[in-house]
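I opened this entry to look up two backbone angles and one pocket. The pocket comes first.

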Amino acid sequence: MNPFKPSAGHVPPVLIGRDMVLADFEEGLDNGSGAPGRLMRVTGARGIGKTVILAEFKRMAEQRGWQVISETASAGMARRLLDRLRPKQRSFSFSFEPSVSVMNVGGSLGGIHYEKTQLPLTLREAMGLRLDELEKHGGGLLVTIDEAQAAERSDMVAIATASQHLTSEDRNIAFVFAGLPSMSSKWLNDDVMTFLRRAQPERLGDVPLTAVSQALADTFDSTGIPLVGEPLRIATHATAGYPFMIQLVGYHIWHRARRRTANMKGDAVAVTVEDAELGVADALSRLGDTVHGPELDGLSPIDKTYLLAMAQDDGPSSTSVIAERMGKDVKYAGIYRMRLLEAQVIEEKGYGKVDFAIPYLREYLREHAAYIRMTLGLPDD
């Protein structure tokens, strides 16, 4: 079975380059209510491994006897959380309130009777009830929210209110929010979301190539298909330290090598240069479909125009030259530069210079430039 899993949120065979964030979360669980790691926001570009981190947090919490509720932000998120927390009659005691019903029969004075109805639960109350049970056995409740930049404000307010009250009551609860960098700019400037400003920030970046090389070599070796020498160098550098690309490259190279060596033994089963090169080509094609295309779909037309202007350079681009290519002044272009920096699509490379932060986005833009320009109504270069 192929050991690499290039699918959204699937925990890879070896989780590399994330020791610090995992240690911060583990420390938060172990140090009790109020520990920084119990309220955390995780940001990073698409494909950098945010969902994988949430899955690993879930595993770590469950090992300690915690219950984990995981949600992906979209309309009605708070309601879905409430529905999942709503107590079952066999496990919890219900609260009731009387309702008055006046029945008029044949002109007589009405009779008054009481109907027992469940009090409506707030998110805070529902979490509190669940914690009452979990804490009896030394457990706690972890709530993870993925794609938090897409959440509705009303949902975030409900979660913020619950978080603040339960934390002040020293309940055994933890919240982790993960999303694109726009999550921070969207919610941290909202006065109601002061609790997110206090959340421990964890920004995920690329993995060092030395760690990538070791992880690839170890994983291939564990399946009986050695990856060493030049093939290992090709595979390692093709990943650019980008977590999703590590899985893609590993998956496609292993697939190529396994198919070629299915009936071979000895040294012949090792990955060849051809296996590595063809596997990298397969991975790059898949990267464009799963990362580059969706990333561009979420950008404005002028954002895309800025990136097309950058793609004309083989390395870092001058911001003044980009503005000139766009036919705009530097101040105007600078607005979109800041937007792309905040989204971690591009990164600063010294004074007045920017470069692509997402691996191979330059190549993707060049390959699809004609189509993108057509959709934007721009003339061909």
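Before sorting a lining by residue type, I fixed the classes: Ala, Val, Leu, Ile, Met, Phe, Trp, Tyr, Cys and Pro count as nonpolar, Asp, Glu, Lys and Arg as charged, and the others, Gly among them, as polar. The model I worked on is predicted.

Entry 1, the second largest pocket. I looked up its volume, which is about 300 Å³. Its lining consists of 14 residues. With the classes above, the lining splits into five nonpolar, four polar and five charged residues. I then checked which residues lie nearest the centre of the pocket, and they are S182, G298, L299, R339 and A343. Two elements, α6 (182–187) and α14, give two or more residues to the lining. The largest share, three residues, is from α14.

Entry 2, Q344. I noted a positive phi, near 60°, at Q344, which is not a glycine. Q344 sits in the loop between α14 (330–342) and β9 (346–348). Is Q344 buried or exposed? I found a relative accessibility of 10% for Q344, and buried means under 20%, so Q344 counts as buried.

Entry 3, A240. I found a positive phi here too, about 55° at A240, again not a glycine. Where is A240 placed? A240 belongs to the loop that joins α9 (229–239) and α10 (243–260). Its relative accessibility is 34%, which falls between the 20% and 50% limits, so I entered A240 as partly exposed.

Terms used: Residues are numbered from 1 along each chain as its sequence is written. This is a predicted model: local features need pLDDT of at least 70, side-chain atom pairs count only at pLDDT 80 or more; totals for chains, interfaces and linings use all residues. Side-chain values use heavy atoms; hydrogens and water are left out. Helices (H or I, at least four residues) and strands (E, at least two) are DSSP runs, numbered from the N terminus. Buried means under 20% relative accessible area, exposed over 50%, partly exposed in between (1.4 Å probe, protein chains only). On a 1 Å grid over the protein atoms alone, a cavity is a set of points where a 1.4 Å probe fits but cannot get out, and a pocket is an open set with protein on both sides within 12 Å along at least five of seven lines; lining residues have an atom within 4 Å of a point. Grid points are joined across faces, edges and corners, and a volume is the space filled by probe spheres set on the points.
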